[in-house]
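Biologist: I am new to this structure and should be grateful for a close look at a single charged pair. Please begin with its two partners and then place them in their surroundings.

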Amino acid sequence: MLFADHDPEAEEELVVVRDLMRAEWHVPAGLRPVAPRLQVLAHLDGHITAPLMVHLTKQSLLNPATESIPFAVDCANPRALKTACEILAQQGWVIVDDGVARVTPLGAVAAAYARQYWHPVSYLPTLRNVENLLFGDPSTVVAALGEDAHLDRELDIVFSGDVFTATCSEPFLDVCLPLFDSSDLDRQPALVIDSGCGDGTLLHTLHTAIRERTARGTRLHERPLLMVGVEPSPVARRITDERLAGVGIPHLVIDGDITDPYSLGRALAEHGLDATDALHVSKSVIHDRNFRAGRPDTVPHTGRSPRMLRFFAAPDGQAVSPDAMARDLAAHFRSWRHLARRHGLVVIEAHAVDVTRAASVNGSTLASDLDATHGYSHQYPVEPAVFAWAAEVAGFHSLRHHELGVVNSGHTMLTIDHFTTREER
Ligand SMILES: C[S@@+](CC[C@H](N)C(=O)[O-])C[C@H]1O[C@@H](n2cnc3c(N)ncnc32)[C@H](O)[C@@H]1O
């Protein structure tokens, strides 16, 4: 770690990029128009500031309450930390003084948003391979990176957990808590199953809220509630297990795949659990599913899917048309009907945005980051209208719907739905 160890090579590289930033990357000062020049400089600076902010926040050297970073004391590598502070000073985020960097008002805003950098930086293993992904053989990149090594999974899931807490938890609880507030406990779910549970934040938050805020919470001794995390990532399984065990929440964490609900049902049956008696939830996982051309749960061809101006890339680099992707999503929903018929699916999902709309809100939206990181790593976010269409043709109806992100980014970034099957209503 740069600030924990003495690493002369990394320190030297930091000095080089600091000087390049100071020299505005040698982009001629008189270039017109001004705006694109500034945008290019911001992109180049971003390559340096983003990993630096991740480093500083992970090591608790910078957080929203930080007033100053003392680089001369309590640090194994004061020279590197001073150079890092000089890089932040280039952004106007700190003023470097004698042995200390004082955070400016602009820096305080940057510190408040610093964890947003965790998402793009978690994808560095993929981003380092972009040239090969675009112009080489994508399958060799996928093979070389190995299973789930296209990103720093721990950084990614801690970031996702943060997003859940900051943005989704209240509307999500607004949808879920009424399901645990009726007096007829037998009609309530026995389990909550979170497919792709990440760091377990959602399961932890939901169990705590049910216990503290619902009728079920006062009668958990009569009808316990088991929180089940399903995860293909061993890192995520370990973190979720430790987290829920640490706060005494009854739980089970198993390996599994959101693309294969049939195997999930069988795996839970081996634990003596009935997966149809669960409230199934997921956040930001459906777009991370495996694309399965010609999967069994096909949907009837009831007209075309809504227009979507984007193609997708399968792991071998083959293009997947918008219509094929929309139909795969519908088939995915359809495959979940048997498990969701009693209590439904509560789905929080991240969405793509139409490129024209994204261009009109450039600077406010995270669309280009999300399109790039997801596009290069065979993930398939679609626009909200396509998502709603896929659920509908698969036989689901949304009982409750929330849209998040419009105010800050100018378009819907996340939706929350409680999908139920038609036969349930
Ligand atoms: C963006 S993270 C979201 C984590 C968590 N749901 C949250 O929002 O905080 C995506 C998660 O889905 C998991 N995942 C990826 N592919 C999956 C699959 N096919 N089935 C189930 N989970 C999957 C990843 O391991 C990762 O933990």
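Modeller: In this predicted model, D255 is partly exposed, with a relative accessible area of 49%. Its side chain meets that of R237 in a salt bridge, with 3.3 Å from N to O. The two residues link distant parts of the chain: D255 belongs to the loop between β6 (251-254) and α13 (261-270), whereas R237 belongs to helix α12 (residues 234-246), and 18 residues separate them. R237 also counts as partly exposed, at 22% relative accessibility. The pair qualifies as a salt bridge because the limit is 4 Å between a side-chain nitrogen of Lys or Arg and a carboxyl oxygen of Asp or Glu.

How many salt bridges does the structure hold? The count is 25, and two other pairs serve to set the D255 and R237 contact in context. D323 and R327 form a salt bridge whose closest N and O atoms are 3.2 Å apart. These partners sit four residues apart in helix α14 (residues 322-335), which means that about one helical turn separates them. D323 is buried, with a relative accessible area of 19%, and R327 counts as buried as well, at 13%. The value for D323 is classed in this way because buried means under 20% relative accessible area.

The second pair is R153 and D148, where the closest N and O atoms are 2.7 Å apart. Here the partners fall into two classes of exposure: R153 counts as buried at 14% relative accessibility, while D148 is partly exposed at 25%. Salt bridges can also join up into a network, and one such network links R18, D19, R22, K82 and E86.

Cross-links of another kind may be considered next. A search of the whole structure finds zero disulfides. C197, for instance, is in no disulfide, and the nearest cysteine sulfur, that of C176, lies 15 Å away. That separation rules out a disulfide for C197, because the two sulfur atoms of such a pair must be within 2.5 Å. C197 is buried, with a relative accessible area of 5%. C85 likewise counts as buried, at 1% relative accessibility.

The nonpolar interior returns us to the elements that flank the loop of D255. The largest nonpolar core has 39 residues, of which I193 and F333 touch the most other members. The elements that give two or more residues to this core are β4 (191-195), β5 (226-230), β6, α13, α14, α15 (337-340), β10 (345-350) and α18 (384-393). Thus β6 and α13, the elements on either side of the loop that holds D255, are both contributors to the core. The most is given by α18, with six residues. I193 has contacts with V228, V230, L264, L268, A275, A278, L279, H280 and V281, leaving aside residues up to four places away in sequence. Apart from this core lies another, of 35 residues, among them A50, V121, L404 and L414.

One further part of the surroundings is a sheet. Three strands form an open sheet in the order β1-β3-β2, with antiparallel pairing. β1 (68-70) and β2 (94-96) stand at the edges with a single partner strand each, so one side of each has no neighbour in the sheet. On average, neighbouring strands of this sheet are turned by 20 degrees against each other, direction ignored.

The pairing can be followed residue by residue. β1 pairs with strand β3 (residues 100-103) in the antiparallel sense over three bridges. I69 has A101 in β3 as its bridge partner, and P70 stands opposite V100 in that strand. β2 and β3 run antiparallel and are joined by three bridges, with V94 standing opposite V103 in β3. In the hairpin of β2 and β3, three residues lie between the strands, and G99 takes a positive phi near 75 degrees.

Notes:
Residues are numbered from 1 along each chain as its sequence is written. This is a predicted model: local features need pLDDT of at least 70, side-chain atom pairs count only at pLDDT 80 or more; totals for chains, interfaces and linings use all residues. Side-chain values use heavy atoms; hydrogens and water are left out. Buried means under 20% relative accessible area, exposed over 50%, partly exposed in between (1.4 Å probe, protein chains only). Two strands pair if DSSP finds at least two bridges between them. Axes are lines fitted to C-alpha atoms, for helices over the stretch in contact, and angles run from 0 to 180 degrees between N-to-C directions. A nonpolar core is a set of buried Ala, Val, Leu, Ile, Met, Phe, Trp, Tyr and Cys residues joined through side-chain atoms within 4.5 Å. Contact means heavy atoms within 4.5 Å.
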